[in-house]
Every structure is written in C-alpha cells, then in structure tokens.
Amino acid sequence: MYQWDFGSLWSYRWLFLNGLWVTVGFTVAIVVLGLLIGLVGALAKLSPFAPLRWLALAYIEVFRCTPVLVQLVWFYYALPILSGIEISAVTASILALSLYGGSFYAEIIRGGIVSIDPGQPEAAAALGMTPFQSMRRIILPQALKRMIPPLMNQSIIQFKNTSLVSVLAVPDLLYQGQIAAHDSYRPLEVYSAVAIAYFALLFPLTIIVRQGEKKLSTSD
C-alpha cells in the first residue's frame, strides 16, 4: 500500500504560500476587471444604438462559446503575433480571464436590469431624469440586489479558473504545486494539498453566497 507522507511537504510551505497569494491576487484582479467589462458590455447590449448592441453581442458570444483554456493560449501566443506587442504570461492571463468572466457578468447584469419594472425608468423620465441618472439612481440599485447571488457564483468560478494559468507558467498555486511534486516525488500528497487549499478557500464563500441568497429571498 502507498505510504502517505504529508510531512514531507513542510519544506515547500513558502512555495505553496507564494502560489496562494498569486492565485488570490489574480482572482481579485480578474473579478474587478471582469465586473467593469461586464457592466460596459451589459449597457452596450441594452443600448438603442444598433452597432453598439451588435458589437457587445459579438463579444459576449465569442467569449462565452469558446473554452477559456483556448482563450488563454490564444492571448499568449497569437495576440502578440497579430499586434506586434510582446505580452507576458501574467498580462495574457489577466486579459483572457477578465474578458471571459466579463462576458458572463454582462449577461448577469443585463438580466438584472431588464428584470426591473419598465414603468420605473418611465417614471424617472417623467421626473426629468436623464437615462444615465435613471440607470444610476433607480434601476441599478434595485437590480444589484437581484444580481448579487449569480455574480458571486460567477466570481467563485473565476477563482477556480485561475488554476488554468499554470499552463502559461504563471506561478499560481497549481504551478507551484507542480514544482513541488516534481522535486519531492510526492504528487499524491502535493496535489491533495492543493485541492484542500482550494476547497478551504472556496467552501466558506459558497456558504456565504447561500446565506445571502436566503436573506435576499426572505426580504423579497
């Protein structure tokens, strides 16, 4: 039988911690950028200007309908050739994951906005508000309450997607785990520890999302 030895991983603790910080930092960056991109994409898709709607639709469908791993590889290897600009693995990863997440955030935000009673923006217009003021003061505050659970769920998915950046040699948690596994010849312990680390971070978040959904449904 295989003899487990998790104690052998102690000498790699700083490697794991550095990888964990990179993973968390990546998650924060791609969630914030993805939300901003998603907000712009949602508003563009709701725009009365047809070319802007088509552009937003094309962006959303392209990124939603292609695998995120393919997007990562394309941004790192193909985009520099097309643009003539050298792109680091970190930059390519942030761009790809932010745009990928933004396409899903855009649909979530758009769905939240259109769920608001159309009579409310009409009433805001009757009060002399501009469309921008109506969106900022009336529609978005109400829509946000309905958007929070799916936005949180998508952010959790984004956290898990950061593990894919290891294919570009970005030193995230999984990549550092691969280094430790090759050096220690203990892949079972290393990858089990990596999986436990992801679970320890994500499970509390799923509980928070679940509790938030219950509170929102009760308040409704």
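Which element gives the largest share of the lining of the second largest pocket? Keep that in mind while you turn the structure around; here are my notes.

1. A word before you start: this is a predicted model, and my points are about its two largest pockets.

2. Begin with the largest pocket, which holds about 420 Å³ of space. There are 18 residues in its lining, and the ones closest to the centre are Leu43, Pro131, Phe132, Met135 and Ile139. Try picking out those five on your screen to find the middle of the pocket.

3. Next, see which helices build that lining. Four of them, α1 (13-45), α4 (89-114), α5 (119-126) and α6 (131-161), each put in at least two residues. The largest share belongs to α6, with 7 residues.

4. What classes of residue line the largest pocket? You'll find 14 nonpolar, 3 polar and 1 charged.

5. Now move to the second largest pocket, where the space comes to about 180 Å³. Its lining is made up of Leu9, Trp10, Arg13, Phe16, Leu17, Leu20, Leu173, Ala193, Val194 and Ala197. The elements giving two or more residues here are α1 and α8 (187-219).

6. Back to my opening question: the answer is α1, which supplies 4 residues, the largest share of the lining of the second largest pocket. You've met α1 already, since it also gives at least two residues to the lining of the largest pocket.

7. By class, the second largest pocket has 9 nonpolar residues and 1 charged residue in its lining, with no polar ones. Arg13 is on the lining list, so look for it there.

Methods: Residues are numbered from 1 along each chain as its sequence is written. This is a predicted model: local features need pLDDT of at least 70, side-chain atom pairs count only at pLDDT 80 or more; totals for chains, interfaces and linings use all residues. Side-chain values use heavy atoms; hydrogens and water are left out. On a 1 Å grid over the protein atoms alone, a cavity is a set of points where a 1.4 Å probe fits but cannot get out, and a pocket is an open set with protein on both sides within 12 Å along at least five of seven lines; lining residues have an atom within 4 Å of a point. Grid points are joined across faces, edges and corners, and a volume is the space filled by probe spheres set on the points.
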